[in-house]
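Work through the exercises below with the coordinates open. Each task is followed by a solution in steps.

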Amino acid sequence: MAAEIWDVVVVGAGLSGLSAAHLLRKRNVGLKILILEGKDRVGGRTVSKEIPAAGGTDRWDFGGQWTGSTQTHILELIKELGLETYPQYNVGKKVYHAGGPGARIHTYTSRIPALSPLVLMDFLQMLWRIERLCATVCIEDPSTTPGAVELDSMTFQSYIEKHVWTAALKEQLGISCRTLFGLEASQMSFLFLLVYVAAAGGLLPLLESSPGSAQELKVKGGTQQLSERLAERVEWQNIQLSSGVMTIWQDAEWARVSTKTNTYSCRAVIVTCPPHLAGQCASPRLHPLTK
């Protein structure tokens with residue numbers, strides 16, 4: 001019996017992979033789509049768990065958990081899936097703890113953590129530099145940005161080392177990078193950072209929870225629901241969990257996607273592997289098929 005041929009194999013059952021499958025099914029319900037996910041759940045970098053709370057249990061997000069009014073695509077998806085958002089509470093005292101278990105715990109009520117005058121000056125000059133560069137970025141085609149090759153050849157960490165003076169700000173930028181991207185600053189192209197910041201309307205909107213910022217809204221019941229409901233739309237039988245992709249072989253006609261236990265033939269592949277997995281040995285590798 002001939003091997004089954006899939007129209008599309010999607011690598012990853014996070015928001016990107018499931019959204020891609022959902023959009024394809026909306027355009028052509030007859031498409032045969034297979035989604036391969038390395039974890040034992042859908043959701044990728046979003047995970048919502050029930051934990052004890054006052055009066056019983058409550059559902060909390062332990063991964064990506066915010067959206068904002070400027071992020072129109074995800075808000076449209078939230079509405080389409082019948083979910084609701086509510087404003088992130090940001091009034092009152094905020095707590096900031098960095099530097100290890102023995103480090104001092106700071107509190108503040110301002111938009112950003114309280115900084116010494118020297119660190120604040122350092123932050124403002126760095127913010128000015130990045131905002132000026134962002135104004136030159138072409139979001140639609142980053143390769144046409146002035147100095148794109150040079151900007152893409154450096155990491156965010158190398159930029160920090162060159163232009164940031166104080167150790168305290170370097171530490172805070174590292175924390176912010178890990179929080180926003182799930183990456184170390186040394187793993188991220190500086191051009192990618194500039195494009196991301198420019199698309200968000202600036203660096204501060206990425207860091208804040210005020211109206212119009214990236215942390216403005218939360219999803220009632222947790223963000224993992226988005227992936228769970230998308231999985232229902234694309235049908236669970238088309239999703240294989242605990243099936244991490246090891247290799248992708250392709251030529252002009254076919255592609256073969258291999259896990260540890262199976263190989264799948266298809267007409268197209270969509271890889272939604274996040275950056276922090278792309279560099280690991282188990283991430284997809286592309287090879288030409290030999291005839």
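A residue is called buried under 20% relative accessible area, exposed over 50%, and partly exposed in between, with a 1.4 Å probe and protein chains only. The model is predicted: local features need pLDDT of at least 70, side-chain atom pairs count only at pLDDT 80 or more, and totals for chains, interfaces and linings use all residues. Residues are numbered from 1 along each chain as its sequence is written, and side-chain values use heavy atoms, with hydrogens and water left out.

**Exercise 1. Describe the protein chain as a whole.**

Step 1. Count the secondary structure, taking helices (H or I, at least four residues) and strands (E, at least two) as DSSP runs numbered from the N terminus. The protein chain has ten helices and 14 strands.

Step 2. Take the extent of the C-alpha trace along its principal axes: about 75 × 55 × 35 Å.

Step 3. Find the buried share. Of the 291 residues in the protein chain, 37% are buried.

Step 4. Sort the contacts (heavy atoms within 4.5 Å) by separation. Among those with a separation of 6 or more, 67% join residues 24 or more positions apart.

**Exercise 2. State how many disulfides the structure holds, and examine C177 and C266.**

Step 1. Apply the criterion, a pair of cysteine sulfur atoms within 2.5 Å. The count is zero.

Step 2. For C177, the closest cysteine sulfur is in C134, at 14 Å, which is too far for a bond. C177 counts as buried because its relative accessibility is 2%.

Step 3. For C266, the closest cysteine sulfur belongs to C273, 16 Å away and again too far for a bond. With a relative accessible area of 0%, C266 is buried too.

**Exercise 3. Identify the buried residues of helix α5 and decide how they are arranged.**

Step 1. Helix α5 covers residues 156–163, and its buried residues are F156, Y159, I160 and H163.

Step 2. Viewed down the axis of α5, these residues fall within an arc of 100 degrees, so they line one face of the helix. The arc is that of the directions from the helix axis to the C-beta atoms.

Step 3. Recall the general geometry: an α-helix has 3.6 residues a turn, so residues three or four places apart point the same way.

Step 4. Look for the cover. The elements over the buried residues of α5 include α3 (117–134), α6 (167–181) and α7 (190–200).

**Exercise 4. Locate G30 and classify its exposure.**

Step 1. G30 sits in the loop between α1 (15–27) and β2 (33–36).

Step 2. Its relative accessible area is 52%, so G30 is exposed.

Step 3. R45 is 15 residues from G30 along the chain, and their C-alpha atoms are separated by 29 Å.
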